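Student: Please take a close look at one part of this model. I would like the open sheet and the helices that pack on it.

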Amino acid sequence: LKASFTNKGNNLNIRQIRLWQDVDYYLAIYINHNNIRDSKVYWLTHQQMAEEVERSGSATHGTSEANQENNNIEYSITIPMNGGSKQQEWDRLYANTELFNIIFGG
């Protein structure tokens, strides 16, 4: 479970993604406290998250040089929640209405 609240940049900040861990799914939630109906719930398989990290992830900690010898790099992804193309892509691919309704009420 990765959660991010409304912040200065209005980003969904997914931090410390540990792809070496044995998990089946990732649940990423953006909570918009100004308008709860604008919150988002995304459900990704482990493989989908690995693909997203490959596309747009970066190391959460350490320099590129230090991470060359690190087998367990923790990654981060930032999704701007401004209605732009990246959010639209995540909405199309990973948004989960059923979980949204369970979490935020339908």
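Tutor: Here is the sheet, followed by its helices. This is a predicted model, where local features need pLDDT of at least 70, side-chain atom pairs count only at pLDDT 80 or more, and totals for chains, interfaces and linings use all residues. Residues are numbered from 1 along each chain as its sequence is written, and side-chain values use heavy atoms, without hydrogens and water.

The open sheet has 3 strands in the order β2-β6-β5, with antiparallel pairing. Strands (E, at least two residues) and helices (H or I, at least four) are DSSP runs, numbered from the N terminus; pairing takes at least two DSSP bridges between two strands. The edges are β2 (11–17) and β5 (58–59); each has a single partner strand, so one side of each lacks a neighbour in the sheet. β5 pairs with β6 (residues 75–80) in the antiparallel sense over 2 bridges. Serine 58 has serine 76 of β6 as its bridge partner.

Helix α1 (residues 46–56) packs on the sheet and touches β2, β5 and β6; contact means heavy atoms within 4.5 Å. The direction of α1 makes about 80° with that of β6. Angles run from 0 to 180 degrees between N-to-C directions, with axes fitted to C-alpha atoms, for helices over the stretch in contact. Helix α3 (residues 85–94) also packs on the sheet, touching β2 and β6, at about 105° to the direction of β6.

In α3, the buried residues (under 20% relative accessible area; exposed is over 50%, partly exposed in between; 1.4 Å probe, protein chains only) are Lys86, Gln87, Trp90 and Tyr94. Down the axis of α3, they fall within an arc of 95°, so they line one face of the helix. The arc is that of the directions from the helix axis to the C-beta atoms. These buried residues pack against β2, β4 (40–45), α1 and β6. Ser85, Gln88 and Arg92 are exposed on the other side of α3.
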